[in-house]
Amino acid sequence: MAQTMETMPTIGMRLDAMVAQVDKVPSTQLYGLIVAATVGLCVVLLGTGNSNLEIQLEQNCNNDLRKPKMVTVDAGKQPKWHIFKWINFVAVAAFLCSVFTFCSNASQYLHDESQGVLVQFLVGWSVFLMYFFGFFGVSFIHEDIPREEVDVIPSKPQNKSLSTNNISHNKNKNNSISNKKSVHPPAACAPVCSDPSSFRSSKVASLPDDLKELGDEEIANLVLSNKIKDHMLEKLLDPFRAVTVRRIACNQKLASVHGRDQQNGNVLDKLPSEPSLDYSRVHGANCEIVVGYIPLPVGLVGPLTINGESVYVPMATTEGCLVASSNRGAKAITQGGGAKARIVRDGITRAPCLRMDSAMEAADLKIWCEQPSNFAVLKKAFESTTSFGKLKECNPTVAGKNVYLRLVCFSGDAMGMNMISKGSLAVIETLQDKFPSCKLVALSGNMCTDKKAAATNWLLGRGKSVVVECVIPKEVVRTTLKTTVAALVHTNINKNLIGSAMAGAIGGFNAHASNIVTAVFLATGQDPAQNVESSNCITLMEEQDNGDLWICCTMPSIEVGTVGGGTSLPAQAACLEAIGCKGGGSTPGANAQKLATVVAAATMAGELSLLAALAANTLVQAHMVHNRKPAPKK
């Protein structure tokens, strides 16, 4: 027995014997065999991939927040990444089988006098370990690339004329625009304000050497097919020509959304891009003692999916990063299936201040107005002054001898201040007939409340009260917003809720709602001073059971209209047309209500993006890079 143990070869002896056998093979043949096997494996796995990438877009055409749509994008030859996944499964299975086999017969293999079984196991396990340490994660490389860098407008133009099929997926052989409105995929926007990689100059795909010599429509084709990102036009062309090309591309997108033919004109035709203003349209309507006008840049955010419809939102601003950041939020919302918005209250208010001879008479007037039969008298008087206005409520408040009569009026598609002011005078005349001591102190007694922060508007609402919500998948939060759901929720609670409460804010439980509200108001001809109450907003976020993000913005006092005031000016009317709510709607109030939902959804997009930047702590860095220009050289 002792002699047998002495003659049993050790593991080292067996390895030496195996190496000796390999040494017998000529080195040239061995080297050639290794090279051929390596090259062959690379060609099979990496060189013959499909030239198309399939991207799953989370978008909602029928209010289904989780209905995926597969879009094919031409992205050149791609490796067969999926093969690595199967190789991983096979490798793991083989490794476990070998371990199980060895453990089942360990005593036999350890004491067997054979020269190769144990060595074979050791060599095999070494190969498995090298593979696991070196290549096990390769099959997961492709998981992030399509979501972050591959553009999502799917088709390529088939001729030199602009092809609207890139947007509407129209299968008509003549490339005509369908009359049916389409839902656009998320925009391939630059992830500014959160992604540190966006602070570096991005690589441009291969472009024609004579790009500047191409026609504007040809370059617009490249934008529509995502060969050129629209935010890079200023770098590739000059700033003036970039605007011209971008307008061509945006007109095609808007035509697709609204289902209109180009023969009816482009949506943005009346939005000036060169210095021009028809002062005859201003006189007697918008401004006095006119000496000129201030041009404001207008950016287009979108597509933003709201209630199953794609919308592009014009924003007039001079704050760098605002449009780009809002566009990123819109992309995340659209990737998550879109936002759902609802009008929960609609009524503009006016609160005249009335003064009586005594506090008892003031109390009597309040009690009289609250009787349903008496309200009907006031309602009849009010509605005799307007075709569209409807008096909905009359809420008197007594302060000594004073009575503040807060009237609530449905104003159709007008914002309604002139309408309700005229009707309020008729109501006051009716009250003076019933109460001879009643005197009008001021048509507006500041309980309306117009253009001032007030708890009245926050609690009771003014204009359109809107609730908008959406669900953002956690993967979209990671890839598009560059943060985590937990970080977003944590930041929102401590900043928007606790921080605003400590500041004693009224309606200011948000990150920067007034930024978006004001920009949309300026672009669409609203009263910019009414952004004070229109920006009342509370932003809420929760992490759902499956890890996705739920976000909601409640805005009780958005004061907008689509007729009257600044909405009649050509440029502002063009922006309203871009949204799809110009003028009066088929149903009174429908267009103004749509505009209010767009304002709320755009605000939610802005909230989402800014909070993501704050959670990732990249806000200041982004503004230093994207919102600063070097001083002009003298």
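A cavity, found on a 1 Å grid over the protein atoms alone, is a set of points where a 1.4 Å probe fits but cannot get out, and its lining residues have an atom within 4 Å of a point. The model used here is predicted, so local features need pLDDT of at least 70 and side-chain atom pairs count only at pLDDT 80 or more, while totals for chains, interfaces and linings use all residues. Residues are numbered from 1 along each chain as its sequence is written, and side-chain values use heavy atoms, with hydrogens and water left out.

**Exercise 1. Find the enclosed space and describe its wall.**

Step 1. Let's start with the search itself: rolling a probe the size of a water molecule over the atoms shows where empty space is left. Over the whole structure, one cavity of 30 Å³ or more turns up. The largest cavity holds about 30 Å³, where a volume is the space filled by probe spheres set on the grid points, which are joined across faces, edges and corners.

Step 2. Now list the wall. The lining of the largest cavity consists of D346, G347, I348, S411, M415, G463, K464, I558, E559 and V560.

Step 3. Sort these residues by class. Ala, Val, Leu, Ile, Met, Phe, Trp, Tyr, Cys and Pro count as nonpolar, Asp, Glu, Lys and Arg as charged, and the others, Gly among them, as polar. The lining then splits into four nonpolar, three polar and three charged residues.

Step 4. Assign them to elements, which are DSSP runs numbered from the N terminus: helices (H or I, at least four residues) and strands (E, at least two). At least two lining residues come from each of β5 (340-350) and β10 (463-472), and β5 gives the most, with three.

**Exercise 2. Place V560, one of the lining residues, in its surroundings.**

Step 1. V560 sits in the loop between β13 (549-558) and α22 (570-579).

Step 2. Its relative accessible area is 1%, so V560 is buried (buried means under 20%, exposed over 50%, partly exposed in between, with a 1.4 Å probe and protein chains only).

Step 3. Collect its contacts (heavy atoms within 4.5 Å). Apart from neighbours within four places in sequence, V560 touches A414, M415, K464, F521, Q526, A592, L595 and A596.

Step 4. Check the distance to I348: 212 residues separate the pair along the chain, and their C-alpha atoms are 9.7 Å apart.

**Exercise 3. Work out how α13 and α23 cross.**

Step 1. Helix α13 (residues 322-335) packs on helix α23 (residues 590-616) at about 105°, with 7 Å between the axes. Axes are lines fitted to C-alpha atoms, for helices over the stretch in contact, and angles run from 0 to 180 degrees between N-to-C directions.

Step 2. The two helices are therefore roughly perpendicular (65 to 115 degrees; under 35 is roughly parallel, over 145 roughly antiparallel, the rest oblique).

Step 3. The residues of this contact comprise ten nonpolar, five polar and one charged.

**Exercise 4. Pick out the unusual backbone geometry.**

Step 1. Recall the background: most residues other than glycine have a negative phi, and most peptide bonds are trans.

Step 2. G302 and P303 are joined by a cis peptide bond with omega about 5°, and P303 belongs to strand β3 (residues 298-306). Another cis bond links C448 and T449, with omega about -5°.

Step 3. N307 has a positive phi of about 50° and is partly exposed at 40%. C321 has a positive phi near 85° and is buried at 11%.

Methods: 1 Å grid on protein atoms, 1.4 Å probe; cavity = no way out; pocket = protein on both sides within 12 Å on 5 of 7 lines; lining within 4 Å.
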